[in-house]
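Thanks for coming. I have one model to go through today, so let me put it on the screen.

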Amino acid sequence: MNQLSLKSNFQRKKCPKCGRMLPKVMFSKNKKTKDKLCCWCKDCCRKNASDWRKKYPNKAKEKAVRWQRNIRIKVLNLLSDNNPSCSICGFNDPRALEVDHIRGGGNIERKKLGGNWIGIYRKIVNTPIEDIKKEYQILCANCNKIKNYEDRGFNVYNNDYNDETK
Ligand SMILES: [Zn+2]
Ligand SMILES: [Zn+2]
């Protein structure tokens with residue numbers, strides 16, 4: 001690491017909201033600003049967001065739903081060069097398309113990243129697409145289900161899979 005990048009890691013910035021001088025790691029990244037960091041520190045941003053959610057619970061819910069839908073669409077487009085369809089059968093109704101972990105392990109990763117898909121979607125949009133395409137693909141709900149059974153050693157054409165429901 002050279003002198004310059006070492007220095008910038010330890011640089012501080014003042015948060016105009018709480019007035020504290022804080023290390024730059026205490027500010028979230030923001031592509032739109034000059035220094036590529038949010039104006040307010042992470043604590044202030046978090047507090048501000050949670051105050052807003054308390055004040056406008058309905059709007060907050062709506063916003064969250066919209067955000068989740070948008071990030072899902074973004075991920076499907078990213079993984080498919082803007083033409084989302086199942087990698088196995090070509091089915092292309094986005095309502096039944098899912099993101100699949102090519103080598104399995106989706107459940108473990110999901111737990112690690114907060115227990116739902118949002119964590120994985122966030123990871124996907126923040127990772128270079130070449131890396132992501134090696135790990136994830138789009139499958140329709142049917143193909144994904146069948147792949148899950150087969151990954152676990154079940155064959156859909158015998159009765160083993162009925163054990164699931166017992
Ligand atoms: Zn602050
Ligand atoms: Zn399919």
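Start with K13 and its contacts: beyond its neighbours within four places in sequence, K13 is in contact with L22, K24, F27 and L37. This is a predicted model, and that applies to everything I say from here on. K13 sits in strand 1. Is K13 buried, exposed or partly exposed? K13 is partly exposed, because 17 other C-beta atoms lie within 10 Å, and a residue needs 20 or more to count as buried. One more pair to look at here is K13 and V25: they are 12 residues apart in sequence, and their C-alpha atoms are 9.6 Å apart in space.

Move on to K14, which also lies in strand 1, residues 12-14. K14 has 11 other C-beta atoms within 10 Å, so K14 is exposed; the cut-off for that class is 12 or fewer. K14 and W40 are 26 residues apart along the chain, and 8.4 Å separates their C-alpha atoms.

Now the loop between strand 2, residues 21-23, and helix 2, where you will find K36. K36 is not a glycine, yet its phi is positive, near 65 degrees. K36 also counts as exposed, because it has 11 C-beta neighbours inside 10 Å.

Helix 2 itself covers residues 42-55. What span should its 14 residues have at 1.5 Å a residue? The expected value is 20 Å, and the end C-alpha atoms of helix 2 are 20 Å apart, so the two agree. Helix 2 is hardly covered, with 1 buried residue among its 14.

Next, helix 3. Helix 3 has 23 residues and reaches 33 Å from first C-alpha to last, close to the 33 Å expected at 1.5 Å a residue. Which residues of helix 3 are buried? They are V75, L76, L78 and L79. As a reminder, an α-helix has 3.6 residues a turn, so residues three or four places apart point the same way. The cover over the buried residues of helix 3 includes strand 3 (97-101), helix 5, helix 6 (129-135) and strand 4 (136-140).

Let me take helix 5 from that list. The axes of helix 3, residues 57-79, and helix 5, residues 117-125, come within 10 Å and cross at roughly 50 degrees. That crossing makes helix 3 oblique to helix 5. As for handedness, helix 3 passes helix 5 in a left-handed crossing. Which residues meet there? From helix 3 they are Q68, I71, R72, K74, V75 and L78, and from helix 5 they are I118, Y121, I124 and V125. By type, the residues of this contact divide into 7 nonpolar, 1 polar and 2 charged. V75 and L78 take part in this contact, and V75 and L78 are also among the buried residues of helix 3.

After the end of helix 3, look at the backbone. Just after helix 3, D81 has a positive phi of about 50 degrees. N82 is in the loop between helix 3 and strand 3, and N82, a residue other than glycine, has a positive phi near 65 degrees. N82 is exposed, because the count of other C-beta atoms within 10 Å is 8.

From there to strand 4, which holds I138. I138 has 25 other C-beta atoms within 10 Å, so I138 is buried. Setting aside its neighbours within four places in sequence, I138 is in contact with L76, L79, S80, P84, S85, C86, S87, L97 and V99. Of these, L76 and L79 are among the buried residues of helix 3 mentioned earlier. I138 and H101 are 37 residues apart along the chain, with their C-alpha atoms 8.8 Å apart.

To finish, the chain as a whole. The chain has 7 helices and 4 strands. In sequence order, the pattern is α-β-β-α-α-β-α-α-α-β-α. What share of the 166 residues is buried? Buried residues make up 13% of them. Among contacts in the chain with a separation of 6 or more, 48% are between residues 24 or more positions apart.

That is what I had on this one.

Technical notes. Residues are numbered from 1 along each chain as its sequence is written. Chains are lettered from A and ligands numbered from 1 in the order in which they are written. This is a predicted model: local features need pLDDT of at least 70, side-chain atom pairs count only at pLDDT 80 or more; totals for chains, interfaces and linings use all residues. Axes are lines fitted to C-alpha atoms, for helices over the stretch in contact, and angles run from 0 to 180 degrees between N-to-C directions. Helices (H or I, at least four residues) and strands (E, at least two) are DSSP runs, numbered from the N terminus. Angles under 35 degrees count as roughly parallel, over 145 as roughly antiparallel, 65 to 115 as roughly perpendicular and the rest as oblique. A crossing is left-handed if the near helix is turned anticlockwise from the far one by less than a right angle, and right-handed if clockwise. Two residues are in contact if their C-beta atoms, placed from the backbone, lie within 7 Å. Ala, Val, Leu, Ile, Met, Phe, Trp, Tyr, Cys and Pro count as nonpolar, Asp, Glu, Lys and Arg as charged, and the others, Gly among them, as polar. The expected span of a helix is 1.5 Å times one less than its number of residues.
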